[in-house]
Amino acid sequence: MITGPSWSSKDKNRESPEQETMPSPLILVNLKTYKEGTGSRAHMIAQAAELVSRESGVTIGLAPTYIDLHPVAHHFAIPVYAQHVDGVEPGAHTGHITADAIRAAGAAGSLVNHSERRLTLADIDASVRALQAQKLAAVVCTNNEAASAAAAALAPEYVAIEPPELIGSGVSVSKANPEIIKRSVGAVRAVNPHVSVLTGAGIQSGECVKIAVDLGTDGVLLASGVVKAKDPGAVLRDLVSKL
Ligand code: G3P
């Protein structure tokens, strides 16, 4: 079980001791609500991620459904993320997901403002604050460099730039739009050099990951390439192969 935050070692102002041991880059696999990433398949993918991470030394995190978050976090030695968190305190908020609850479930952090779960700027800020109050890592997703700069101003642990039109397309952002990665890395660094940058959309191979890292990112956020694969372990092995 990995319950601590997965902050980058660049975050010099953070208090967590885990920050200095967190390997980089991060391969973060969002299981979304794919049938192929739910229940026993979530466990199978987590097992493969744990194995490949151990073999390669590359950190591989999973963002399963809320239902699978607790068992996956407790059975596998990988960082586990929620797919969304609400910026509310525990209390009378029916149907909300609190940072406190995902921490108790064993999460290392959460996605915030994913393209399939957009929030207002005020909501993003509240979610980031709620996560950081629990010493959890915030991964704020964005759609372009302007949004990436705005997200960086909120000082999350990660900004993840994902052009929405490429999500789930099988066409990799690394190859189709390397410019948006480069510009987003520049925009984030200019606002806050302590914020790590991920990129995603259509990532499917070690070559995609290497291009992303060579462009200055700290890793990738992906989904279908792993989740829908016949052999997720083989894809994960390929993803880390050029690092
Ligand atoms: O959260 C990752 C995601 O939005 C990218 O999806 O299927 O293009 O890797 P995919």
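The shell of residues around the ligand splits into 5 nonpolar, 5 polar and 2 charged members. The model behind this picture is a predicted one. Going through the shell by name, the residues around the ligand start with Asn30, Lys32 and His114, carry on with Glu162, Ile167 and Gly168, and then take in Ala201 and Gly202, with Leu221, Leu222, Ala223 and Ser224 rounding off the list. As for where the ligand ends up, its place is in the largest cavity.

Polar contacts come next. Gly168 uses its backbone here: a polar atom of that backbone is 2.7 Å from an oxygen atom of the ligand. Asn30 and Lys32 use their side chains instead. For Asn30, a side-chain N or O atom is 3.0 Å from a ligand oxygen, while for Lys32 the distance between a polar side-chain atom and an oxygen of the ligand comes to 3.1 Å. The ligand on its own would expose 310 Å², and the protein buries 100% of that area.

Now for the sheet. It is an open one, built from 8 strands with parallel pairing, and the strand order reads 2-1-8-7-6-5-4-3. Strand 2 (59-63) and strand 3 (81-82) are its edge strands, each pairing on one side only. Strands 7 and 8 sit next to each other in that order. Strand 7 covers residues 196-200 and strand 8 covers residues 219-222; the two run parallel and are joined by 2 bridges. Across this pair, Thr199 stands opposite Val220 of strand 8.

The sheet and the ligand shell meet in strand 8: its range is 219-222, and Leu221 and Leu222 are among the residues around the ligand.

Technical notes:
Residues numbered from 1 in each chain as written. Predicted model: local features only at pLDDT ≥ 70, side-chain atom pairs only at ≥ 80, totals over all residues. Heavy atoms only, no water. Near = heavy atom within 4 Å. Polar contact = N/O pair within 3.5 Å; in protein donor to acceptor, adjacent residues only side chain to side chain. Areas by Shrake-Rupley, 256 points an atom, 1.4 Å probe, with all protein chains shown as cover. 1 Å grid on protein atoms, 1.4 Å probe; cavity = no way out; pocket = protein on both sides within 12 Å on 5 of 7 lines; lining within 4 Å. Sits in = over half its atoms within 2 Å of the grid points. Nonpolar A, V, L, I, M, F, W, Y, C, P; charged D, E, K, R; others polar. Pairing = 2+ DSSP bridges. Helix = DSSP H or I, 4+ residues; strand = E, 2+ residues; numbered from the N terminus.
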